Amino acid sequence: MSNRYECNAFEYNFAILVRIPDSFQNSARKFDPEAEVDMEKARKEHKDLVETLKKCDVRTIELDGTEEYPECPFVDDCVVAIGNTALITRPGSKTRQGEVSEIRRYLQSQMKMTIVEIRDPDAIVEGGDVLFTGKEIFVGIGTGRRTNEKGAQAVVDAFPEYNVTPINVPGSRRLKSMLSMAGWDIIAVGSSEEALLTFKQMKSLAQYKYRILRLDSDDAANMLYVNGRLIHRSRDEIGEKSYSILDEKITYAKHKVGFWEISKTGGYLSSAVLLINRNKKPNSIVSNITREDTTNYSEWRAL
């Protein structure tokens with residue numbers, strides 16, 4: 001009998017968030033020189049997200065933001081965490097690379113996770129480009145992107161127990177901003193040309209089959225599946241059609257949150273949370289996806 005401690009994918013006991021610094025306002029102007037973030041509303045959205053995560057039976061940990069790094073609230077970019085292993089990423093923007101230090105320190109000293117560092121000086125990878133489905137990992141790569149092929153190799157080296165598949169993602173969008181897990185075998189897919197092209201590749205290369213939740217915007221397709229609950233954006237932010245689809249297709253508990261002000265800086269819902277499944281013993285992550293789901297060519301079906 002194996003003595004490994006096993007836990008189900010998407011069952012988490014910690015959620016790490018980074019508070020919004022005053023300099024966060026400057027991030028919006030990178031995308032639109034005229035953009036203004038209502039800081040009071042942005043912090044209210046962040047607080048509501050924290051409270052929503054608590055409803056999902058996770059312990060929330062809020063770290064202080066650093067004025068030197070305006071984008072530090074997007075903590076998911078700094079780490080790829082699966083089980084007790086944390087791959088410390090190397091963001092493509094050098095202005096963000098300093099963000100990882102505090103997260104590394106906390107995961108190593110307070111959570112006692114196994115820390116994996118990237119050795120290749122030419123590798124770049126951000127957590128927003130790494131999608132873990134519970135059974136396999138997809139990494140969004142491309143020329144001039146935040147994640148490159150050597151970054152994908154770093155994911156391969158960090159998590160040798162999983163099949164890791166690089167996906168060429170067009171444009172500059174992060175993989176998880178367009179596709180995300182909406183259930184233990186459900187992938188939500190956005191409607192942009194980039195999302196559809198990425199989805200087509202993923203479908204052809206996947207080692208397992210999944211159910212597909214098609215939504216009419218990329219913002220709607222980015223969500224968090226946590227301990228059997230789904231966190232998604234509000235009706236006003238994703239539109240009536242997508243909201244109705246979620247109501248119709250998703251039968252388990254759902255929580256809606258506002259993210260409009262925070263999103264003005266280019267962030268998306270899942271980027272603001274680092275979900276951790278930390279256990280006292282080394283573990284392996286397992287999914288409810290069965291052996292019967294394995295095919296040479298995955299047969300995906302819509303919900």
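Which residue in β6 is the bridge partner of Leu87? In this predicted model, the bridge partner of Leu87 in β6 is Val116, and that contact is a convenient place from which to enter the small set of strands described here.

Strands of a sheet pair through backbone hydrogen bonds, either parallel or antiparallel. Here, 3 strands form an open sheet in the order β4-β5-β6, and the pairing is mixed. Because β4 (79-82) and β6 (114-116) stand at the edges, each with a single partner strand, one side of each is left without a neighbour in the sheet. From one strand to the next, the twist averages 20 degrees.

The two pairings can be taken in turn. Strand β5, which covers residues 85-88, is joined to β6 by 3 bridges, and these strands run parallel. On the β4 side, 4 bridges link β4 to β5, and the direction there is antiparallel. Leu87 takes part in this pairing too, as the bridge partner in β5 of Val80, while on the β6 side Leu87 is matched with Val116. The hairpin of β4 and β5 has 2 residues between the strands, and within this hairpin Gly83 takes a positive phi near 65 degrees.

Beyond β6, the chain enters the loop between β6 and β7, where Asp122 lies. With a relative accessibility of 48%, Asp122 counts as partly exposed, since the class of exposed residues begins over 50%. Asp122 and Arg90 are 32 residues apart in sequence, and their C-alpha atoms are 9.7 Å apart in space.

Strand β7 leads on to the aromatic residues. A pair of aromatic rings is described by the distance of the centres and the angle of the planes. The model holds 4 aromatic pairs, one of which joins Phe132 and Tyr162 in an edge-to-face arrangement, with 5.2 Å centre to centre and 70 degrees between the planes. Phe132 lies in strand β7 (residues 130-132) and Tyr162 in the loop between α4 (149-158) and β9 (163-168), so the pair ties together parts that are 30 residues apart in sequence. Both Phe132 and Tyr162 are buried. Elsewhere, Phe10, Tyr225 and Tyr252 form one aromatic cluster.

Where is empty space left inside the model, and what lines the largest cavity? Searching the whole structure gives 1 cavity of 30 Å³ or more, and the volume of the largest cavity is about 460 Å³. Its lining is made up of 27 residues, of which Tyr12, Asp76, Phe132, Lys176 and Leu275 are the closest to its centre; Phe132 is thus also the residue that pairs with Tyr162. The elements that give two or more residues to this lining are β4, β7, β10 (179-183), β13 (224-226) and β16 (274-276). Of these, β4, an edge strand of the open sheet, gives the most, with 4 residues. By class, the lining of the largest cavity divides into 18 nonpolar, 6 polar and 3 charged residues.

The largest pocket, in turn, encloses about 250 Å³ of space. It is lined by 13 residues, and those that lie nearest its centre are Arg173, Ser177, Gly266, Gly267 and Tyr268. The lining of this pocket comprises 2 nonpolar, 5 polar and 6 charged residues, to be read beside the 18 nonpolar, 6 polar and 3 charged residues that line the largest cavity.

Notes
Residues are numbered from 1 along each chain as its sequence is written. This is a predicted model: local features need pLDDT of at least 70, side-chain atom pairs count only at pLDDT 80 or more; totals for chains, interfaces and linings use all residues. Side-chain values use heavy atoms; hydrogens and water are left out. On a 1 Å grid over the protein atoms alone, a cavity is a set of points where a 1.4 Å probe fits but cannot get out, and a pocket is an open set with protein on both sides within 12 Å along at least five of seven lines; lining residues have an atom within 4 Å of a point. Grid points are joined across faces, edges and corners, and a volume is the space filled by probe spheres set on the points. Ala, Val, Leu, Ile, Met, Phe, Trp, Tyr, Cys and Pro count as nonpolar, Asp, Glu, Lys and Arg as charged, and the others, Gly among them, as polar. Two strands pair if DSSP finds at least two bridges between them. Axes are lines fitted to C-alpha atoms, for helices over the stretch in contact, and angles run from 0 to 180 degrees between N-to-C directions. Rings of Phe, Tyr and Trp (its six-membered ring) pair if their centres lie within 6.5 Å; planes under 30 degrees apart count as stacked, over 60 as edge-to-face and the rest as tilted. Buried means under 20% relative accessible area, exposed over 50%, partly exposed in between (1.4 Å probe, protein chains only).
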